[in-house]
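User: I would like to understand the reasoning behind the labels attached to this structure, taking each value together with the cut-off that decides it. Could you begin with what is meant by a contact?

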Amino acid sequence: QISWTPLLLLGYLFYLLLGAMVFQLLEKQAETHFRDQFQLEKLKFLQNYTCLDRQALEQFVQVLMEAWEKGVNPEGNSTSPSNWDFSNSFFFAGTVVTTIGYGNLSPSTLAGQIFCVFYALFGVPLNLAFLNQLGKALNTHLLTLERWVQKPGRAQVRCQFIILAIFLTTGTLLFLVFPPLVFSYVEGWSYGEGFYFTFITLSTIGFGDYVVGTNPNKHYIPMYRSLAAIWIVFGLAWLALVFNVGADLMERYLQLKWHKSDLSLAEGDTTKLEDEPEQPRIHIPS
């Protein structure tokens with residue numbers, strides 16, 4: 001049997017190339033527009049304030065960029081809440097061990113950077129172990145639900161489809177549909193922006209363009225970001241199971257198709273047809 005790994009590699013590279021072309025098509029023109037608009041705004045600023053020259057303005061822009069990189073929002077003031085109070089620090093610790101890494105906040109001291117390295121060194125495996133146990137517990141409940149739903153005379157594959165549909169529907173409502181409504185109300189985002197933040201966070205992509213609890217003009221409850229961190233942990237476990245199901249189905253489908261093509265190349269070998277594997281069954285891996 002010929003390995004189907006090269007086919008998967010070609011498909012993976014093609015998917016990356018396709019994504020690169022689509023993102024370039026969608027975003028490059030908008031980036032050019034924003035860059036030109038920004039340069040125009042700087043020229044207008046210099047025209048309105050003739051006491052400043054271009055060099056002074058560029059230095060001030062550099063100060064703003066450094067402040068942003070250190071986690072200080074330029075729109076705020078000295079009375080803005082600290083980025084390193086307990087609630088925000090708890091949220092940051094969660095983004096470290098879950099490998100989300102938004103990038104909008106990071107340790108600025110050498111001691112903090114060194115501690116972050118060792119904290120992630122032990123925290124990431126601990127987080128993976130915790131998510132694995134959480135996934136096993138969720139899988140146990142799914143198996144219990146499957147035994148309750150399955151009745152004599154009902155096809156096993158059909159029953160598994162029902163369980164998978166319940167699992168996907170419930171998780172989608174709890175982790176992808178309802179949370180954006182909360183974020184839209186609290187943060188002032190649109191529902192689309194809230195849904196975008198939700199998926200980018202739970203998939204651990206974490207661009208950092210949208211982060212909860214960072215608007216200096218809003219007053220958040222003290223435990224807001226801590227509750228968001230707890231939601232992230234359980235959402236990660238659910239979405240990880242979804243990704244595992246998708247990867248398992250894709251792998252089985254490719255193996256089945258490739259194995260069928262190998263069987264079709266065999267001339268007059270009827271014994272291979274008898275050894276053909278049965279159709280893959282959908283299951284929830286732990």
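Analyst: Contact means that heavy atoms lie within 4.5 Å. The model discussed here is predicted, and in it Ser 184, leaving out residues up to four places away in sequence, touches Trp 189, Ser 190 and Tyr 191. Ser 184 itself lies in helix H5, which covers residues 156-187.

User: Why is Ser 184 called buried or exposed?

Analyst: Buried means under 20% relative accessible area, and Ser 184 has 16% relative accessibility, so Ser 184 counts as buried.

User: What makes Trp 84 and Phe 92 an aromatic pair, and which kind of pair is it?

Analyst: Rings pair if their centres lie within 6.5 Å, and planes over 60 degrees apart count as edge-to-face. A search of the whole structure finds 15 aromatic pairs. In the one formed by Trp 84 and Phe 92, the centres are 5.1 Å apart and the planes stand at 75°, which makes the pair edge-to-face. As for accessibility, Trp 84 is partly exposed, with a relative accessible area of 41%, whereas Phe 92, at 14%, counts as buried.

User: What does the pair of Trp 189 and Tyr 210 tie together?

Analyst: Trp 189 and Tyr 210 also form an edge-to-face pair, at 5.3 Å centre to centre and with 80° between the planes. Trp 189 lies in the loop between H5 and helix H6 (191-202), and Tyr 210 in the loop between H6 and helix H7 (224-265), so the pair ties together parts that are 21 residues apart in sequence. Trp 189 counts as buried at 15% relative accessibility, while Tyr 210 is partly exposed at 22%. Both residues belong to a cluster that ring pairs link together, which also includes Phe 91, Tyr 102, Phe 183, Tyr 196, Phe 197 and Trp 231.

User: Which residues touch the most other members of the largest nonpolar core, and which helix supplies the largest share?

Analyst: That core has 27 residues, and those touching the most other members are Phe 91, Tyr 102, Phe 183, Phe 197, Val 212, Trp 231 and Ile 232. Helix H4 (110-149), H5, H6 and H7 each supply at least two residues of this core, and the largest share, eleven residues, comes from H7. Trp 231, leaving aside its neighbours within four places in sequence, is in contact with Leu 174, Phe 175, Pro 179, Phe 183, Phe 197, Thr 198 and Leu 202.

User: How do you know that the reach of helix H3 is close to what is expected?

Analyst: Helix H3 (residues 86-97) has twelve residues, for which 16 Å is expected at 1.5 Å a residue, and the 17 Å from its first C-alpha to its last is close to that value. The buried residues of H3 include Phe 91, Phe 92 and Val 96, and H3 is followed by Thr 99, whose phi is positive, near 60°.

User: How much helix is there over residues 161-182 and over residues 194-212?

Analyst: Both spans carry the UniProt annotation "transmembrane region", from an unreviewed entry. Residues 161-182 are 100% helix, with end C-alpha atoms 31 Å apart, whereas residues 194-212 are 47% helix and 0% strand, with end C-alpha atoms 10 Å apart.

User: Which elements have the lowest and the highest mean pLDDT?

Analyst: Helix H8 (residues 270-274) has the lowest, 49, and H6 the highest, 94. The mean pLDDT of the protein chain is 80, and 80% of its residues reach 70 or more. Over residues 279-286 pLDDT stays under 50, and the model has 25 contacts beyond four places in sequence for these residues.

Technical notes:
Residues numbered from 1 in each chain as written. Predicted model: local features only at pLDDT ≥ 70, side-chain atom pairs only at ≥ 80, totals over all residues. Heavy atoms only, no water. Helix = DSSP H or I, 4+ residues; strand = E, 2+ residues; numbered from the N terminus. Buried < 20%, exposed > 50% of the residue type's maximum accessible area, 1.4 Å probe, protein only. Phe/Tyr/Trp six-rings, centres within 6.5 Å; stacked < 30°, edge-to-face > 60°. pLDDT = per-residue confidence, 0-100. UniProt positions renumbered as here; feature names shortened; annotations may be inferred. Expected span 1.5 Å × (residues − 1). Core = buried A, V, L, I, M, F, W, Y, C linked by side-chain atoms within 4.5 Å.
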